[in-house]
Amino acid sequence: MENIEEKVQVYDVTALTSLEKLEPVRVRPGMYIGSTGIKGLHHCIWEVLDNAIDEISNGFGNKATIILNKDKSVTVVDNGRGIPTGMHPTKKKSGVEMVFTELHTGGKFNNDVYKTSGGLHGVGAAVVNALSKWLEVEVRQNGHIYKQRFENAYDKTVKREMPGTPVTQLKIIGDTTETGTNVTFMPDSEVFSTTDFKFDVIDERLQELAFQNKGITLKLIDDRKEEVVEKEYHSERGLLDFIDYLNESKTTLHNPPILFEGEREVNGLNMYGEVCIQFTDSTTEYIASYVNNIPTTESGTHESGFKTGMTRAFKEWAKKLNLVKEKDKEFEGDDLREGMTAIVRIKISNPIFEGQTKTKLGNTEAYTMMNDLAYTRFSEWIEDNKETAGSLINNAVEAAARREKIKKINEAEKKKIGKGTAPLAGKIAVCTLKDSSVCEFIVVEGDSAGGSAKQARDRRFQTIMPSKGKIMNTEKQKLENVLGSEELKIFNTAIGTGVLDNYNEADLKYDKIIILSDADVDGYHIRTLWMTYIYRYMRPLIANGHLYLAQPPLYKVYKQGKGGEVSKYAYSDEELEKAKKEIGKGNLIQRYKGLGEMNPEQLWQTTLNPETRTLHQITIEDAAKAEKMVSLLMGEVVAPRKSYMYKYAEF
């Protein structure tokens, strides 16, 4: 046996490494921006944009512009006060250099400078600099235009190449009567898996920001193609415009929407809250929540306080109005919020977020404030709108009765599973492993492709469910019909979690739920139907990162050579052109019209093999957009859907 001690490396002070300046960001970018994928890439824009919006929110400036440049860099322009250009008395650096080269530097740690801010940690500008090939900043201030450039370059003080190094001093390059800041940065392709910014993602964020900051003007300019695209965002009614936007494709139960705002001080913390809600005939609730303009996709204390205060007010008035009888099942908050669309926003001087990406608020003071505000204002609204409020309370009582019905149906289904009478036999090819952390559940379009997938799969961890054509459009169906669907029963039984209020993540039998359909119009429709069902009835599957779309190839490019067939698969027209060049002259092209055209070996190689396949994870990151699109494409209201289809006819 080898001497193990000889293999152990010496661990003493010489083994310790100290990261300098912005190196920690470069080594662990996920700690600062969440990921190095498409989400993290756009987070860089948000960090710079948040600074511009913070200026506007605190009364300085009223415009911000994002420009997607031809060279793939991005410019963010605002007309705020401009980053301080003076020399710091002890650091002996300009304010601009400090902001872009030192973590935890900024004016947001001082409530005299910013009453509220989205950019909390003072790391945003420096992080973007650290993760860029280069960054340039121009500041309009004191009658002058100042400019400085930063790059990945050799740093004399640490004697090695460092990210975000100043390669010029801050210098005056012109004169102006305006104020503001321009930041242009080039994301580093060595850091990010993609550096292609998505117009739609930025478009949606600017639209939300315009709704939240009524009266301001935001602009998006895409200069990357021959024809420049410009879009402007402006809202005079604020959250009232936002709620109209979200409910455009839904049938609303009352007008106008409920809108209220208020200020409170809790434990010395100043807070401002604003809420806009409207009930629809949908069976699910949707809440968009924000802190200092930042979307809190994982909710937080402000959202919890709002829910508690609202439920308390409606329950008290239900008793006062004698709308809940003894025989009725008492309604809960979930029952009351069925069909509710709500926007909940709070401004707070010292927010405590969980994580740098700021998706969940932690301040207990925010809970107290929103609980009190919601209880008081809903109580006042109910008193002035007893008829509408009574209708909403009756709906909540009916929802509570349905909840009990669902519970009984789920319990009956679980008993069937226990007796072995669940409708799974012959429908699903179940994997042999029982470890849910590695197992995959794959819904395959069509019996033919399902048969090939059953042969192609890795039986150890891949379960296959062939789906016969299209499931029902659950956006348009009553709850009883959805729960009675044989195919959805099979799916629910196999997944194991239950639906709606009875969803239990601990019972999930698979880590990945994968939808595999043809790459054609019908295939996309089938994907949409499944995603609609999961979004409405099993939303935590998406929120917790379990739902994926598999991407089958569109083409096979091949030719016969001396050593046999040489082939490549292409998943887009761009990849097709690349594959044709790589295979060379004399290539042949096979266009796959459906999954059924692939034999089991090809299906495994292209679509099922974890080593070679392409999966797209479905997230609720863009929750407002997802909510609107599901309602628009799958809902009852026809006019907005027609308008969308005319607009995007090519898609």
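This talk goes through a few local features of a predicted model: a sheet, some salt bridges, several backbone angles and one loop residue.

Good morning. I shall begin with the sheet. Five strands form an open sheet, and their order is β10-β11-β14-β12-β13. The pairing in this sheet is mixed. At the edges stand β10 and β13, each of which pairs on one side only. As general background, strands of a sheet pair through backbone hydrogen bonds, and they do so either parallel or antiparallel. In which sense do β10 and β11 pair? They pair in the antiparallel sense, over nine bridges, with β11 covering residues 269-279. One position to look for in the structure is Leu 259, which stands opposite Cys 276 in β11.

Strand β10 also leads us to the salt bridges. In general, side chains of opposite charge can pair when their charged atoms come close. How many salt bridges are counted in this model? The count comes to 27. I shall present three pairs and one network.

The first pair I present joins Arg 264 and Asp 372, with their closest N and O atoms 2.7 Å apart. Because Arg 264 lies in strand β10 and Asp 372 in helix α11, residues 364-384, this salt bridge ties together parts that are 108 residues apart in sequence. Arg 264 is partly exposed, at a relative accessible area of 22%, and Asp 372 is also partly exposed, at 33%.

Next, please find Asp 188 and Arg 26, whose side chains meet in a salt bridge at 2.5 Å, N to O. Asp 188 belongs to the loop between β7 and α7, whereas Arg 26 belongs to helix α2, and the pair links these distant parts of the chain, 162 residues apart. Is Asp 188 buried or exposed? With a relative accessibility of 3%, Asp 188 counts as buried, because the limit for a buried residue is under 20%. Arg 26, at 24%, counts as partly exposed.

The side chains of Lys 315 and Glu 332 form another salt bridge, at 3.5 Å from N to O. Lys 315 is in helix α9, Glu 332 is in the loop between α9 and α10, and 17 residues separate them. Lys 315 counts as partly exposed at 22% relative accessibility, as does Glu 332 at 37%.

The network consists of Glu 136, Lys 147, Arg 149 and Glu 151, linked by salt bridges.

I turn now to the backbone. Most residues other than glycine have a negative phi, and most peptide bonds are trans. Asn 142 has a positive phi, near 55 degrees. This residue is found in the loop between β3 and β4, and at 58% relative accessibility Asn 142 counts as exposed. Ser 299 likewise has a positive phi, of about 60 degrees, although it is not a glycine. Ser 299 sits in the loop between β13 and α9 and counts as partly exposed at 22%.

Which peptide bond is cis? The bond from Asn 255 to Pro 256 is cis, with omega near -5 degrees. Pro 256 lies in the loop between α8 and β10.

Finally, consider Val 430, in the loop between α12 and β15. Val 430 is partly exposed, with a relative accessible area of 44%. Beyond its neighbours within four places in sequence, Val 430 is in contact with Arg 457, Thr 463 and Tyr 510. Val 430 and Phe 461 are 31 residues apart in sequence, while their C-alpha atoms are 8.5 Å apart in space. Thank you for your attention.

Notes. Residues numbered from 1 in each chain as written. Predicted model: local features only at pLDDT ≥ 70, side-chain atom pairs only at ≥ 80, totals over all residues. Heavy atoms only, no water. Helix = DSSP H or I, 4+ residues; strand = E, 2+ residues; numbered from the N terminus. Buried < 20%, exposed > 50% of the residue type's maximum accessible area, 1.4 Å probe, protein only. Contact = heavy atoms within 4.5 Å. Pairing = 2+ DSSP bridges. Salt bridge = Lys/Arg side-chain N within 4 Å of Asp/Glu carboxyl O.
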